[in-house]
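Me: Hi! Could you help me look through this one? I'd like to start with the cysteines.
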Protein chains: 2
Amino acid sequence: MFKETKTHEVTTDVVIFTIKDGKLKVLLVKRAHEPFKGKWAIPGGFIRISETIDAAALRILKEKTNVQNIYLEQLYTFGDPLRHPTARVITCAYFALIRSDDIVLSFEDNSEITEVQWHPVYDLPPLAFDHKEIIEYSLKRVRERLEFCPIAFQLLPEKFTLTELQKTYELILDKKLDKRNFRKKFLALSILKELDECTKSGSKRPARLYSFNEITLNSKRGHFFS
Amino acid sequence: MFKETKTHEVTTDVVIFTIKDGKLKVLLVKRAHEPFKGKWAIPGGFIRISETIDAAALRILKEKTNVQNIYLEQLYTFGDPLRHPTARVITCAYFALIRSDDIVLSFEDNSEITEVQWHPVYDLPPLAFDHKEIIEYSLKRVRERLEFCPIAFQLLPEKFTLTELQKTYELILDKKLDKRNFRKKFLALSILKELDECTKSGSKRPARLYSFNEITLNSKRGHFFS
DNA sequence: GAATATATTTGTACAAATTACACTATTTAA
DNA sequence: TTAAATAGTGTAATTTGTACAAATATATTC
């Protein structure tokens with residue numbers, strides 16, 4: 001298909017998850033050029049020649065969201081020669097979990113992109129390349145992680161209620177959980193720090209606020225939720 | 001470090017596990033050239049321009065072992081610019097599990113390699129590049145897989161005893177398991193087919209032979225062993 | 001062929017984790 | 001003060017995991 005003298009291009013694409021408006025969403029960019037001009041895609045870009053792959057993924061993330069210090073994990077490397085219509089592009093995909101509050105989406109005026117937007121992960125527009133497959137694979141991985149690691153905290157504000165925490169799990173797992181069992185299990189893990197504060201009159205009865213206790217986490221193993 | 005005009009090279013390296021002489025081993029090749037001339041390394045090679053990454057990994061595997069149709073899974077992509085002393089080489093690592101009986105190790109006389117050999121994974125020689133890290137990461141992944149998937153069967157002959165199955169788990173997890181609990185758990189999973197045969201006079205009491213029942217597997221979920 | 005050595009096979013009691021399930025408490029708004 | 005909405009709580013049944021010891025079948029040896 002390609003001449004053997006042609007070289008691979010290597011990119012990284014980052015599936016960025018957040019919870020916004022009560023929905024699990026991913027960040028998509030609208031492509032300014034062919035191929036797939038006008039189609040939505042996961043943000044991505046070429047890996048620079050002296051840059052680690054992790055650094056490239058972080059750079060992509062920062063360009064679009066201005067956030068750093070967030071949960072970022074290498075997902076899988078997609079390299080079907082047919083995934084790009086005109087070149088051999090191998091992409092090392094990552095996923096990230098971020099809090100979307102106080103984030104201003106942006107893109108440099110490099111005319112690669114005409115729009116940046118959050119899209120509900122369960123209701124995606126048609127996507128460029130194999131990006132639908134990459135998002136589906138990410139979601140699967142996030143669910144796997146959720147069972148073992150407290151990554152849900154990456155999506156929540158510093159102080160949160162148990163109901164908010166449960167909602168986060170329900171959105172990612174896409175199923176209802178039992179309130180009493182959820183609370184019992186989390187409190188038994190003792191990775192939550194009960195604060196002296198409550199939500200100020202959101203509506204109805206105020207809820208206790210908790211924060212994530214990183215200290216006890218390291219000694220914890222085993223399942224979170226399935 | 002590198003000029004931006006320089007291009008990435010993309011390889012795949014395959015960590016091939018087997019059980020041999022009662023030990024968990026990995027396949028290593030001795031490098032014929034610099035860098036790391038004379039050092040042991042994981043078998044690997046460049047991904048061809050019109051080849052999927054999976055196909056490249058399979059090709060590497062077949063070149064060295066002549067086996068096909070085995071368990072092969074993408075592990076992780078290692079891309080530190082410093083991992084190769086003279087070039088920017090991104091490698092997409094895989095791991096494979098194979099039965100080592102009736103396998104003849106081989107290498108084409110391309111003078112890239114001077115030897116191919118199985119090495120105990122818990123007693124490795126000094127390795128080229130970041131290959132030690134890659135093997136450690138593989139082992140971690142195999143252990144994770146072992147908890148959920150019946151991949152141990154990939155290392156066993158078609159017919160095996162429960163003791164052999166347990167030994168396989170113990171070698172990979174590097175710890176002793178309780179015999180009665182191991183059997184109870186596996187038999188409860190009903191992914192084993194009890195055969196009418198026994199081991200013919202290995203020594204002492206003959207053991208019942210079992211085979212792996214693929215049919216019931218698909219309906220199974222959850223933990224295997226931890 | 002009897003005794004011995006070696007590996008196979010089997011069950012039970014206890015602890016821990018998971019699941020199912022319904023009512024009371026506190027606040028705001030009418 | 002009443003109604004509506006969300007927060008918060010406990011127990012019993014089931015399942016799963018863990019710890020642990022004796023009997024059985026064959027080969028070898030005396």
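Reply: Happy to! A disulfide here is a pair of cysteine sulfur atoms within 2.5 Å. Keep in mind that this is a predicted model.

Me: OK, so how many disulfides does a search of the whole structure find?
Reply: The search finds zero, over all chains.

Me: Why is there no bond at B:Cys149?
Reply: Because its closest cysteine sulfur, in A:Cys149, is 17 Å from the sulfur of B:Cys149, which is too far for a bond.

Me: Is B:Cys149 buried, exposed or partly exposed?
Reply: B:Cys149 is partly exposed, with a relative accessible area of 27%.

Me: And what about A:Cys92, which cysteine sulfur is closest there?
Reply: That would be the one in B:Cys92, at 7.6 Å from the sulfur of A:Cys92, so again too far for a bond. A:Cys92 is buried, and its relative accessible area is 1%.

Me: Switching topic: how is chain B placed relative to chain A?
Reply: You can superpose chain B on chain A with a rotation of 179 degrees and 0.0 Å of shift along the axis, at an RMSD of 0.1 Å. The two copies are thus related as by a two-fold rotation axis.

Me: Nice. Do they meet through the same surface or different ones?
Reply: The same surface, because 100% of the interface residues of chain B are also interface residues in chain A.

Me: How many residues of each chain are in contact, and what area do they bury?
Reply: There are 28 residues of chain B in contact with 28 residues of chain A. Between them the chains bury about 2,300 Å², with 59% of it on carbon and sulfur atoms. On the chain B side, B:His8, B:Ile49 and B:Gln74 lose the most area to chain A, together 29% of what that side buries.

Me: How many salt bridges and polar contacts go across?
Reply: For salt bridges across the interface of chain B and chain A, the rule finds zero. For polar contacts across that interface, it finds 13 residue pairs, both residues at pLDDT 80 or more.

Me: Last one: which residues touch the most other members of the largest nonpolar core?
Reply: Those are A:Val14, A:Ile16, B:Val14 and B:Ile16, in a core of 48 residues. Leaving aside residues up to four places away in sequence, A:Val14 touches several residues, among them A:Ile42, A:Pro43, A:Leu61, A:Leu72 and A:Tyr94.

How values were computed. Residues are numbered from 1 along each chain as its sequence is written. Chains are lettered from A and ligands numbered from 1 in the order in which they are written. This is a predicted model: local features need pLDDT of at least 70, side-chain atom pairs count only at pLDDT 80 or more; totals for chains, interfaces and linings use all residues. Side-chain values use heavy atoms; hydrogens and water are left out. A nonpolar core is a set of buried Ala, Val, Leu, Ile, Met, Phe, Trp, Tyr and Cys residues joined through side-chain atoms within 4.5 Å. Buried means under 20% relative accessible area, exposed over 50%, partly exposed in between (1.4 Å probe, protein chains only). Contact means heavy atoms within 4.5 Å. Copies are superposed by least squares on the C-alpha atoms of residues with pLDDT of at least 70 in both. Buried area is the accessible area (1.4 Å probe) that two parts lose on being put together, summed over both. A salt bridge is a side-chain nitrogen of Lys or Arg within 4 Å of a carboxyl oxygen of Asp or Glu. A polar contact is a pair of N or O atoms within 3.5 Å; within protein, one must be able to donate a hydrogen and the other to accept it, and residues adjacent in sequence count only if both atoms are side-chain atoms.
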